[in-house]
Amino acid sequence: MYLHAGNDFLIKISDILGIFDIENTTAEGGYTRNLLDRAEKEHRCIYTSFEMPKSFIIVMKNNEEKVYISQ
């Protein structure tokens, strides 16, 4: 099965490590903000929409971590 992450992005369910609310996870602690900043710098972030992001999905595929930023 697949998860529709927005626009034309489909993610295989078995590749998903977690789905997180972007507001609740980045407001409190610095760990999540650091994870997202590092993924951005390493060009591992994929933006699925031009709208305000509400969640992010961490995916591990072929031993490579990707972060999908989704509405």
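The largest pocket of this predicted model holds about 170 Å³ of space. Here a pocket is an open set of points on a 1 Å grid over the protein atoms alone, with protein on both sides within 12 Å along at least five of seven lines; grid points are joined across faces, edges and corners, and the volume is the space filled by probe spheres set on the points. As the model is predicted, local features need pLDDT of at least 70 and side-chain atom pairs count only at pLDDT 80 or more, while totals for chains, interfaces and linings use all residues. Residues are numbered from 1 along each chain as its sequence is written, and side-chain values use heavy atoms, with hydrogens and water left out.

The lining of the largest pocket consists of Tyr2, Leu10, Ile11, Lys12, Asp15, Ile46, Val59, Lys61, Asn62, Glu64, Lys66 and Tyr68, where a lining residue has an atom within 4 Å of a point. Strand 2 (9–12), strand 5 (55–61) and strand 6 each give two or more residues to this lining. By type, the lining residues comprise 6 nonpolar, 1 polar and 5 charged. In this grouping, Ala, Val, Leu, Ile, Met, Phe, Trp, Tyr, Cys and Pro count as nonpolar, Asp, Glu, Lys and Arg as charged, and the others, Gly among them, as polar.

It helps to place the pocket within the fold. The chain contains 2 helices and 6 strands, taken as DSSP runs numbered from the N terminus (helices are H or I, at least four residues; strands are E, at least two). Along the sequence these elements follow the pattern β-β-β-α-α-β-β-β. The C-alpha atoms fit in a box of roughly 35 × 30 × 20 Å along the principal axes. The radius of gyration of the chain is 12 Å, which agrees with the value near 11 Å for a compact globule of 71 residues; it is taken over C-alpha atoms, and the globule rule is 2.2 Å times the number of residues to the power 0.38. Of the 71 residues, 34% are buried, with buried meaning under 20% relative accessible area, exposed over 50%, and partly exposed in between (1.4 Å probe, protein chains only).

Next comes the sheet. Its 4 strands are arranged in the order 3-5-6-4, forming an open sheet with mixed pairing; two strands pair if DSSP finds at least two bridges between them. Strand 3 (16–21) and strand 4 (45–47) are at the edges and have a single partner strand each, so one side of each lacks a neighbour in the sheet. On average, neighbouring strands are turned by 20° against each other, direction ignored, with axes taken as lines fitted to C-alpha atoms. Strands of a sheet pair through backbone hydrogen bonds, either parallel or antiparallel.

Both arrangements appear in this sheet. Strands 3 and 5 run antiparallel and are joined by 5 bridges, with Ile16 paired to Val59 of strand 5. Strands 5 and 6 are also antiparallel, with 7 bridges between them, and Ser55 has Ser70 in strand 6 as its bridge partner. Strand 4, by contrast, runs parallel to strand 6 (residues 64–70) through 3 bridges, and Ile46 lies opposite Tyr68. Strand 5 is mostly covered, as 5 of its 7 residues are buried.

Strand 1 (residues 2–6) and strand 2 form an antiparallel pair with 4 bridges, in which His4 stands opposite Leu10. These two strands make a hairpin with 2 residues between them, and Asn7 in the turn has a positive phi of about 45°. Ile11 belongs to strand 2 and counts as buried because its relative accessibility is 3%. The C-alpha atom of Ile11 is separated by 9.3 Å from that of Tyr68, although the two residues are 57 residues apart along the chain.

The hairpin of strand 5 and strand 6 also has 2 residues between its strands. Most residues other than glycine have a negative phi. In the loop between strand 5 and strand 6, however, Asn62 has a phi near 55°, and Asn63 has a phi near 60°. Asn62 counts as exposed because its relative accessibility is 70%, and Asn63 is likewise exposed, with a relative accessible area of 77%.

Definitions and conventions:
Axes fitted to C-alpha atoms, helices over the stretch in contact; angles between N-to-C directions. 1 Å grid on protein atoms, 1.4 Å probe; cavity = no way out; pocket = protein on both sides within 12 Å on 5 of 7 lines; lining within 4 Å.
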